Amino acid sequence: MNLQTTYLGLKLDNPLIAGASPMTATADDIKRLEDAGAAAVVMHSLFEEQIAAEAAALNHFLSAHTESYAESLDFFPESGSFDNVNAEAHLEELARIKRSVDIPVIASINGATPGGWAEYVKRFEQAGADAVELNITYIPTDIATDGRDVEQRYIDIVRDVCRATALPVSVKMNAYFSAPAQMAAKLVAQGASGLVLFDNPVRIDIDLETLSPVQRANITGSYALSETLRWSAILYDHVNASLCASTGVHNSDDVLKALMSGVDAVQMASALLLHGPGHIAKLLDNMRKWMEEKEYSSVAQMKGSISLRHTDNPDAYERSSYMRALQSYRR
Ligand SMILES: Cc1cc2nc3c(=O)[nH]c(=O)nc-3n(C[C@H](O)[C@H](O)[C@H](O)COP(=O)(O)O)c2cc1C
């Protein structure tokens, strides 16, 4: 049974990647994931604000001794007040991770504004990362902001990051563009080698005790896989980039469905936070059993088999499936 796949040009023993979460923050965590069978990991993100805060701290230090260094720091945006400041420590941990494991390590950078922080991916390269995952999360709160400007912001950031590094860059997209397929193509045109479908927004809530808004990291279930299946089936064979499922991959059925819809690999965060690294071994076991039963000998054989590649009129197919789903419902 051949579970091998290729993602971002990296040869993986199987399609299971541990996605960015607190479970992928340290070398010890990542070693446990490797031991359980993860084929690659995405390290917990370094945030644009951490880079800016560190640059501001350095700026402060340098200008306390001499006035003349400030211009070299101009390309960093203004610092915000951010607690978790230590970008340098993040890089040291990345280097430690690379020394501890044999599987590919994808460093993750998370930002929202075009700017000099994108240059920081060079440091990932120096620390030994095998690839970069870029998560752009921008909430356009100004009602006057045009959708095209939002798209342009994503395009500019992807361009800046791809220009700054020779490493393959995957973009963790969200599904909320008016035309996600065209957006995907535009990101690939800027140099993205892969698309992660999709990021999952944090959950908005209101605390009725403190009467304040709260945002919480969102632990998903398999139900959340739907948009990933839809868009990977649409994008399969239409963009010159690797595709990776993210959001809602919890069990082996989810992995198989994602592969059939056209992804090259899958990422899991919630499932590993809920069940621990040992979950990976179980999934691999169940995948093998299912593939044996259905007489699949490789992941490659399955990939994209239930995509929209052979559908003559995908728009009409989507519309008719939608109508059928609503009209055939019986209580
Ligand atoms: C507690 C927690 C922390 C996360 N941290 C990051 C992060 O640092 N960077 C990132 O790109 N995504 C982060 N994510 C998002 C996950 O990588 C993933 O995209 C999302 O949870 C959907 O996948 P899932 O259904 O497997 O959880 C985090 C998710 C959770 C639950």
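Let's begin at a residue on the outside of this predicted model: L211 has 7 C-beta neighbours inside 10 Å and therefore counts as exposed, since the limit for that label is 12 or fewer. You will find L211 in the loop between β10 and β11, the latter spanning 212–216. Its backbone is worth a look, too: phi of L211 is positive, about 55 degrees, although the residue is not a glycine.

L8 makes a good companion to it. Here again phi is positive in a residue other than glycine, with a value near 55 degrees, and L8 also sits in a loop, the one between β1 (5–7) and β2 (10–12). Is L8 buried or exposed? With 24 other C-beta atoms within 10 Å, L8 is buried, because 20 or more are enough for that label.

One more backbone feature is waiting in a loop. Between β9 (194–197) and β10 (203–207) you can find F198, and the peptide bond that joins L197 to F198 is cis, with omega at about 5 degrees.

Now let's move to the interior. The largest nonpolar core is made up of 89 residues, and I17, V41, V132, V161 and V266 are those with the most contacts inside it. Helix α5, residues 147–164, supplies the largest share of this core, namely six residues. To get a feel for the packing, pick V41: setting aside neighbours within four places in sequence, its contacts include I17, A18, T24 and I30, and L33, I103, V105 and I106 are also among them.

Helix α3 shows how a helix can have two faces. It runs over residues 87–100, 14 in number, and reaches 20 Å from its first C-alpha to its last, close to the 20 Å expected at 1.5 Å a residue. Which residues of α3 are buried? They are A87, H90, L94 and I97. These cover an arc of only 65 degrees around the axis, so they lie on the same side of α3. The spacing helps to explain this: an α-helix has 3.6 residues a turn, so residues three or four places apart point the same way. On the other side of α3, E92 and R99 are exposed.

Finally, turn to the ligand. There are 25 residues around it, and A20, S45, T220, A269 and S270 come nearest. Two elements give two or more residues to this shell, β6 (105–111) and α9 (270–275), and α9 gives the most, with three. By class, the shell has ten nonpolar, 13 polar and two charged residues.

Technical notes
Residues are numbered from 1 along each chain as its sequence is written. This is a predicted model: local features need pLDDT of at least 70, side-chain atom pairs count only at pLDDT 80 or more; totals for chains, interfaces and linings use all residues. A nonpolar core is a set of buried Ala, Val, Leu, Ile, Met, Phe, Trp, Tyr and Cys residues joined through C-beta atoms within 7 Å. Helices (H or I, at least four residues) and strands (E, at least two) are DSSP runs, numbered from the N terminus. Two residues are in contact if their C-beta atoms, placed from the backbone, lie within 7 Å. A residue is near a molecule or strand if its C-beta atom, placed from the backbone, lies within 6 Å of it. Ala, Val, Leu, Ile, Met, Phe, Trp, Tyr, Cys and Pro count as nonpolar, Asp, Glu, Lys and Arg as charged, and the others, Gly among them, as polar. The expected span of a helix is 1.5 Å times one less than its number of residues. The arc is that of the directions from the helix axis to the C-beta atoms.
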